[in-house]
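Here's a quick briefing to read alongside your model. Have the sequence open while you go through it.

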Amino acid sequence: MGLSADSFQSIRFSSPHRLLEVDRLMALAASVGAAGAHGGMTEIDFDWARRTRRMKEELDMYVEIQTFLPREDPAVFEHAVKVAKEAGASSLRVVCLLGRRYEMFDSLAAWKDAVAGFHRQIETAVPIVERHKMRLGIENHKDWRVDEQVKLLEQYSSEYVGVSLDTGNNLSVLDDPMETVEKLAPYTFNVHFKDMGVEETPTGFHLSEVPLGDGMLDLKRMVETIQRARPDVHFSLEMITRDPLNVPCVTDRYWSTFGDVCGLALAQTLQRVRAHCPSRPLPTIAGLSFDERYALERTLVTRSIDYAREHLGLGV
């Protein structure tokens, strides 16, 4: 198991680009005994790529790179693909939506307009990643519900277009997390591996990453499901240390983009939340200095790595 960039948000958000470069992340991974790095790139040039590949080989780590779907100029995306490949990346990770569906849109029409834009970007990306034989994982990033994402993947039907599977995100869009893993595992290229804590609120629930083993997810079953479908996939820990996220699933605005979701999904989600009251307070960072936040991140990351090694068979 390796690390994703958001396991050290204190460093990521203090950088000028608000990205944690994969080479810097490899150094952090080595310091905590992790096996690889799933991070970004800010120097999108071949000199950086060759330095990164040398570091990867010296540390004997895997590398997966986060980038962005094509925007105005497809050549920019293609250049990023070439640089990532030169750096030794086994796959890429992108998101369609940089935020959360239920926070960014207040109508179904606005969401559908955004979806049309996502498809234009993906249609541009497909021939590029196929040409360079680079696997492109689209994350379930609190945007697509699981059946929507499966339909998208079936539509493009490319061996180079799949999923960057986040094991916890779909709780926020009222999906069963185990069902999400089961449906997306066959398409998975890389994994943001996490456990989740939940706590009911007057408007829905709080959702928070917690150290592996402290939360509500059936991690062992998830690992077995993913490995059975994709034996070569890497698991990158995403232990995000932050204040809990608010999922206001009993408000009108939340439901404005979910026109085809029945009340059963809400009832089942709230039942899960109520059945998994946290045994300890959800992690928070309010009032912490940079040093305090970084120290807390290292503590929670290390606890998670130890749990993965001892209980999940995920060696480092």
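Tyr 102, Tyr 254, Trp 255 and Phe 258 make up one aromatic cluster. In this cluster analysis, rings of Phe, Tyr and Trp (its six-membered ring) pair if their centres lie within 6.5 Å; planes under 30 degrees apart count as stacked, over 60 as edge-to-face and the rest as tilted. This is a predicted model, where local features need pLDDT of at least 70, side-chain atom pairs count only at pLDDT 80 or more, and totals for chains, interfaces and linings use all residues. Residues are numbered from 1 along each chain as its sequence is written, and side-chain values use heavy atoms, with hydrogens and water left out.

**Aromatic pairs**
- Searching the whole structure turns up 11 aromatic pairs.
- Trp 255 and Phe 258 pair edge-to-face, at 6.5 Å centre to centre with 75° between the planes.
- Phe 258 is buried at 3% relative accessible area, while Trp 255 is partly exposed at 23% (buried means under 20% relative accessible area, exposed over 50%, partly exposed in between, with a 1.4 Å probe and protein chains only).
- Phe 290 and Tyr 294 have ring centres 6.4 Å apart and planes at 0°, so that pair is stacked.

**Charges over rings**
- Arg 71 sits over the face of Phe 68, 4.6 Å from the ring centre, and Arg 101 does so over Trp 111 at 4.0 Å.
- The cut-off here is NZ of Lys or CZ of Arg within 6 Å of the ring centre and within 35 degrees of the ring normal.

**Glu 238**
- Glu 238 is buried, with 3% relative accessible area.
- Beyond its neighbours within four places in sequence, Glu 238 has contacts (heavy atoms within 4.5 Å) including Asp 166, His 192 and Lys 194.
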